[in-house]
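Colleague: Could you take a close look at one part for me, the charged side chains, and then connect it to the rest of the picture? I would like every term to come with its cut-offs.

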Protein chains: 2
Amino acid sequence: MDASPFINKPKTKKGRETLNRIVSAAAQVFYEKGYHSASINDITRLAGVASGTFYVYFDGKYNLYKFLLLQCSHMIRKHLYESTKNCKSRREIEEVGLREWLKFVDQNKYMYHVIWESLYIDKELFVEYYVNFAKNYIKGLDIAKKEGELNTEIDSEVLAFTLMGASNFLGLNYGLFKDGRYDHEMVVESFMKILNGGLFRVPEEKKEKETGELPIRLTVEFGDDEEED
Amino acid sequence: MDASPFINKPKTKKGRETLNRIVSAAAQVFYEKGYHSASINDITRLAGVASGTFYVYFDGKYNLYKFLLLQCSHMIRKHLYESTKNCKSRREIEEVGLREWLKFVDQNKYMYHVIWESLYIDKELFVEYYVNFAKNYIKGLDIAKKEGELNTEIDSEVLAFTLMGASNFLGLNYGLFKDGRYDHEMVVESFMKILNGGLFRVPEEKKEKETGELPIRLTVEFGDDEEED
DNA sequence: GCATAATATGAATATGTGTTCATTTTGAGA
DNA sequence: TCTCAAAATGAACACATATTCATATTATGC
């Protein structure tokens, strides 16, 4: 999809620079205050332009948001595509994908806010974003199934949302809550252990040990027993 | 935590009924329009009371939201606790937990909206909610580790956010996007296959097959070869 | 250096809505 | 029936802010 329906395209270098400043400022202000609490004045002030200038490039706040959401979508897809395109297996894609996603979130913390807030700005945008993202994810998973890399008994849609959810929440906790101050590699390693099937252990059956029958049972007679029942 | 700091407690049956109507209406309107677009008038109109009545029980819109968030938090924890308390293993907890969560989302679709929107109303509420939820989750995982049920090499925090993310996104897709019209049991089964380590298959090594050395190599001479290089 | 389109300005306007409060209604107990 | 605290009312107010527009400035091609 092209972004042009959402903006009035600048026609000179100066105009492009101004538009970029406005969009960058918007990302920052939306990140700090959220869409609704962010005023056009907040954005133009940070961008260093007059409030009227905003309306030279955007027909309104809502269009600015849609433009920004589209930018985010493009950036994420491009980053993930570029960093996984040389992977040799689905397993490697998942590993490299998570590592790069965590890195990406650290460097672009505002993206979460922009994307998730669509649910409260226009539900359709939100649904469209994730359904679309999942569709691509599923396509990749189905290819891996054909190659014999994945268990075909696992539904691809369930798997896609499971993996997307995991990445999203890990990025949330480590990138936003912990502000990127953590051991990325440890996270990736633990995550891959889960996917590689190392989650559950069969515990040594304690009940057998504690209350089960012993193989050999001896009863010693002391001869002076007095109480028994 | 007690909810009383956020409300002016009603003192009669009639007051309690009115407060319930307002909170229920708020959940519905927040679900439909989001916090910021939901006006007090929208809420009181749906509740069937005058706008001023709202301020008899709440000191403002923000307090209503905090009250509602706390209610959601309680309901979710209670539901999950009640439905998993008799589980015999961690594996069973995860299975029953997901099944019940999906059911719960179907019956209380507004919860997602209320909880996630906290990120745009008061970031601290959002962080507090999830950090707290994770803390409890981790506690349970650590117990399972002690029992020998889980791989101790997997970091509990990573695992907690992985599982929370998966449940959240599955609930999102099936409960909200698909509006609950799907086969719950299929989702749970696929999810458990992933957790049980059945995700990756070792593909028959195609490269060996296609380009590798054959065990026996025969070269047939036809005698009439003309081109070779 | 002139003409013209593109860009920039910011005060003024229009609109929506959170909140207040003086007043009225309700209902349980005496 | 009377009393009074609790509950309910809704018009009026205060405030924030998205947007407009007449005007000014800047840049580019001829």
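Where charges pair, surroundings matter, so to begin with a single residue: is Arg181(B) buried or exposed, and what is its relative accessible area?

Modeller: Please keep in mind that this is a predicted model, in which local features need pLDDT of at least 70 and side-chain atom pairs count only at pLDDT 80 or more, while totals for chains, interfaces and linings use all residues. Residues are numbered from 1 along each chain as its sequence is written, chains are lettered from A and ligands numbered from 1 in the order in which they are written, and side-chain values use heavy atoms, with hydrogens and water left out.

Asp179(B) pairs with Arg181(B) in a salt bridge whose closest N and O atoms are 3.3 Å apart, the term meaning a side-chain nitrogen of Lys or Arg within 4 Å of a carboxyl oxygen of Asp or Glu. Asp179(B) is partly exposed at 34% relative accessibility, whereas Arg181(B) has a relative accessible area of 65% and is exposed. In chain A, salt bridges with shared partners link Lys33(A), Asp42(A) and Arg45(A) into one network. The accessibility classes are buried under 20% relative accessible area, exposed over 50% and partly exposed in between, with a 1.4 Å probe and protein chains only.

In chain B, Asp42(B) and Lys33(B) form a salt bridge with N and O 3.1 Å apart; here Asp42(B) counts as buried at 13%, and Lys33(B) as partly exposed at 38%. Over all chains, the count of salt bridges comes to 22.

Another of these bridges brings the side chain of Lys178(A) to that of Glu157(B), at 2.9 Å from N to O. This pair joins two chains, because Lys178(A) lies in the chain A loop between helix H8 (156–177) and helix H9 (184–195), while Glu157(B) belongs to helix H8 (residues 156–177) of chain B; helices are DSSP runs of H or I, at least four residues, numbered from the N terminus. Both partners are partly exposed, Lys178(A) with a relative accessible area of 30% and Glu157(B) with one of 21%.

Charge also meets aromatic rings across the chains. The charged end of Lys123(A) sits over the ring of Tyr31(B), 4.4 Å from its centre, and Lys123(B) lies over the face of Tyr31(A), at 4.5 Å from the ring centre; the rule asks for NZ of Lys or CZ of Arg within 6 Å of the ring centre and within 35 degrees of the ring normal.

The arrangement of the two chains gives these pairs their setting. A turn of 180 degrees with a shift of 0.0 Å along the axis lays chain A on chain B with an RMSD of 0.0 Å, and the two copies are thus related as by a two-fold rotation axis; the superposition is by least squares on C-alpha atoms of residues with pLDDT of at least 70 in both. Gly197(A) is the residue of chain A that comes closest to this axis, its C-alpha lying at 1.6 Å. Of the interface residues of chain A, 100% are also interface residues in chain B, so the copies meet through the same surface.

Away from the charges, Trp116(A) is in contact (heavy atoms within 4.5 Å) with residues of both chains, among them Phe126(A), Tyr130(A), Leu119(B) and Phe169(B), its neighbours within four places in sequence being left aside. Ile115(A), in helix H6 (residues 110–121) of chain A, is buried at 5% relative accessibility, and its contacts beyond four places in sequence include Tyr65(A), Cys72(A) and Phe126(A).
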